[in-house]
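Hi there,

Here is the structure I promised to send over. Please have a look at it first, and then read on for what I found.

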Amino acid sequence: MGFLMGLLVRLGSTAVAFWLATLLIPGITLDTGSATEAVATLLLVAVIFGVVNAVLQPLIKTVGCGFYLLTLGLIAVVVNGLLFLLTSWIAGEAGLPFHVDGFWPAAVLGALLVGIVTWLLGALLDRE
């Protein structure tokens with residue numbers, strides 16, 4: 001699979017994961033008037049989430065390496081929840097109708113669900 005196709009598959013699977021999070025987890029809302037607006041919003045939120053993870057995750061892992069070792073990696077759940085909450089804040093600042101109510105349980109469960117769904121969809125769709 002080419003680079004561009006792989007990127008589009010990841011973007012689409014992340015958008016689907018965010019859509020499922022809005023349906024399954026109370027506290028994660030998507031207030032759109034039409035299906036087209038919902039799809040566009042989910043794609044933009046997926047892009048924001050991808051950029052936030054690509055930029056901040058390696059930095060946080062490098063700086064907080066001791067915490068990852070001390071907690072046997074469980075701090076990653078907290079970090080992912082905070083990055084999910086940051087994505088919601090950036091989306092709100094950009095005027096997108098995507099909102100996460102708070103850190104617990106919405107952001108943590110949302111980050112877990114998005115991580116699991118994108119992993120599963122990536123495993124199913126990223127075959128050559």
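Below are my notes on how some of the helices pack and on the core between them. Please keep in mind that this is a predicted model.

Let me start with helix 5, which covers residues 103-125, and its partner helix 1, residues 3-24. Their axes come within 8 Å of each other and cross at roughly 140 degrees. That angle makes helix 1 oblique to helix 5, and the crossing is right-handed. On the helix 1 side, the residues in contact are Val9, Ser13, Thr14, Val16, Ala17, Phe18, Leu20, Ala21 and Leu24. They meet Leu113, Val114, Val117, Thr118, Leu121 and Leu125 of helix 5. Sorted by class, this contact has 12 nonpolar and 3 polar residues, with no charged ones.

Helix 5 also packs against helix 4. Here too the axes come within 8 Å, but the crossing angle is roughly 100 degrees, so helix 4 is roughly perpendicular to helix 5. Helix 4 contributes Val77, Val78, Asn80, Gly81, Leu82, Phe84 and Leu85, while helix 5 brings Phe103, Ala107, Val108, Gly110, Ala111 and Val114. By class, that gives 10 nonpolar, 3 polar and no charged residues.

One residue in that contact deserves its own paragraph: Ala111, in helix 5. Is Ala111 buried or exposed? Its relative accessible area is 11%, and because the cut-off for buried is under 20%, Ala111 counts as buried. Leaving aside residues up to four places away in sequence, Ala111 touches Asn80, Gly81 and Phe84. Val9 of helix 1 is another matter: the C-alpha atoms of Ala111 and Val9 are separated by 19 Å, with their positions 102 residues apart along the chain.

Finally, the core. The largest nonpolar core has 29 residues, and those with the most contacts inside it are Phe18, Ile28, Phe84, Phe98, Val100 and Val114. Two or more residues each come from helix 1, strand 1 (28-30), helix 2 (35-63), helix 4 (75-93), strand 2 (98-100) and helix 5. Which element gives the largest share of this core? That is helix 2, with 7 residues. If you would like one residue to click on, try Phe18: not counting residues up to four places away in sequence, Phe18 touches Leu42, Val45, Ala46, Phe49, Phe84, Phe98 and Val114.

Happy to talk it through whenever suits you.

Best wishes

Technical notes:
Residues are numbered from 1 along each chain as its sequence is written. This is a predicted model: local features need pLDDT of at least 70, side-chain atom pairs count only at pLDDT 80 or more; totals for chains, interfaces and linings use all residues. Side-chain values use heavy atoms; hydrogens and water are left out. Axes are lines fitted to C-alpha atoms, for helices over the stretch in contact, and angles run from 0 to 180 degrees between N-to-C directions. Helices (H or I, at least four residues) and strands (E, at least two) are DSSP runs, numbered from the N terminus. Angles under 35 degrees count as roughly parallel, over 145 as roughly antiparallel, 65 to 115 as roughly perpendicular and the rest as oblique. A crossing is left-handed if the near helix is turned anticlockwise from the far one by less than a right angle, and right-handed if clockwise. Contact means heavy atoms within 4.5 Å. Ala, Val, Leu, Ile, Met, Phe, Trp, Tyr, Cys and Pro count as nonpolar, Asp, Glu, Lys and Arg as charged, and the others, Gly among them, as polar. Buried means under 20% relative accessible area, exposed over 50%, partly exposed in between (1.4 Å probe, protein chains only). A nonpolar core is a set of buried Ala, Val, Leu, Ile, Met, Phe, Trp, Tyr and Cys residues joined through side-chain atoms within 4.5 Å.
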